[in-house]
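Subject: A structure for you to look at

Hi,

Here is the structure I promised to send over. Have a look at it first, and then read on for what turned up in it.

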Amino acid sequence: MIEQTLAIIKPDAMAAGYADAIIKQILNNGFNIIQKEEINLSKEEAEGFYAEHKGRSFFDELVEFMISGPVTVMVLEKDNAILAWRDLMGATDPAQAAEGTIRKLFGASKGNNASHGSDSATSAAREIDYFFPKTCCSH
Ligand code: CMP
């Protein structure tokens with residue numbers, strides 16, 4: 001089934017100049033980039049985006065990291081896009097991520113892990129709508 005998912009190139013990968021290499025991997029893996037924008041998240045936007053993690057020990061660190069520099073937010077589309085993008089990113093912790101994955105190649109730690117991807121169809125619809133209202137399939 002053709003799906004859409006939300007991808008973010010996080011501040012660590014942006015600052016290190018990895019955005020082009022990550023986008024190349026996305027295209028080489030057959031995704032269409034439906035939307036793409038470089039933005040600076042406000043604290044409120046970052047807190048709202050990661051609201052499900054509020055109360056976790058790493059929440060404040062996560063929000064501070066996500067507002068520490070520009071990010072690239074994208075809507076990716078392909079068959080089975082949600083799982084396919086999570087597979088291409090690799091495990092949350094780069095140390096656990098498979099060889100050749102984006103987090104293995106470009107991430108440094110659980111927090112500084114280069115990229116984000118929606119974890120379910122429900123999250124994808126919410127996250128796409130968060131940055132690109134009226135884009136996603138569910139509207
Ligand atoms: P992401 O896919 O953006 O979704 C939530 C993020 O929380 C996750 O990637 C990690 O970068 C971050 N995260 C999860 N666990 C930790 C942790 N123990 N310490 C710091 N950040 C974390």
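A good place to begin is a single pair of residues: Ile9 sits opposite Ser115, which belongs to strand 4. Keep in mind that this is a predicted model.

Ile8 has a partner in strand 4 as well, namely His116. Altogether, strand 1 (residues 2-9) and strand 4 are linked by 3 bridges and run antiparallel. Strand 1 also pairs with strand 3, again in the antiparallel sense, this time over 8 bridges. One of the pairs to look for there is Leu6 with Val75 of strand 3. If pairing is new to you: strands of a sheet are held to each other through backbone hydrogen bonds, and they can be parallel or antiparallel.

Now zoom out to the sheet. It is an open one made of 4 strands, in the order 2-3-1-4, with antiparallel pairing. At the edges you'll find strand 2 (32-39) and strand 4 (115-117), each of which pairs on one side only. On average, neighbouring strands in this sheet are turned by 20° against each other, ignoring direction.

So how buried is strand 1? Of its 8 residues, 7 are buried, so the rest of the structure largely encloses strand 1.

Next, the helices on the sheet. Helix 2 (residues 19-28) lies across strand 1, strand 2 and strand 3 (71-79), and it runs at about 165° to strand 2. Helix 7 (residues 121-131) packs on the sheet too, touching strand 1, strand 2, strand 3 and strand 4, and its direction makes about 55° with that of strand 1.

Helix 4 (residues 59-66) is a nice one to practise on. Which of its residues are buried? They are Phe59, Leu62, Val63, Phe65 and Met66. These residues lie on the same side of helix 4, because the arc they cover around the axis is only 160°. The general idea is that an α-helix has 3.6 residues a turn, so residues three or four places apart point the same way. On the other side of helix 4, Asp60 and Glu61 are exposed. And what covers the buried residues? The cover includes strand 1, helix 1 (11-15), helix 3 (43-49) and strand 3.

Have fun turning it around on your screen!

Cheers

Note on methods:
Residues are numbered from 1 along each chain as its sequence is written. This is a predicted model: local features need pLDDT of at least 70, side-chain atom pairs count only at pLDDT 80 or more; totals for chains, interfaces and linings use all residues. Side-chain values use heavy atoms; hydrogens and water are left out. Two strands pair if DSSP finds at least two bridges between them. Helices (H or I, at least four residues) and strands (E, at least two) are DSSP runs, numbered from the N terminus. Axes are lines fitted to C-alpha atoms, for helices over the stretch in contact, and angles run from 0 to 180 degrees between N-to-C directions. Contact means heavy atoms within 4.5 Å. Buried means under 20% relative accessible area, exposed over 50%, partly exposed in between (1.4 Å probe, protein chains only). The arc is that of the directions from the helix axis to the C-beta atoms.
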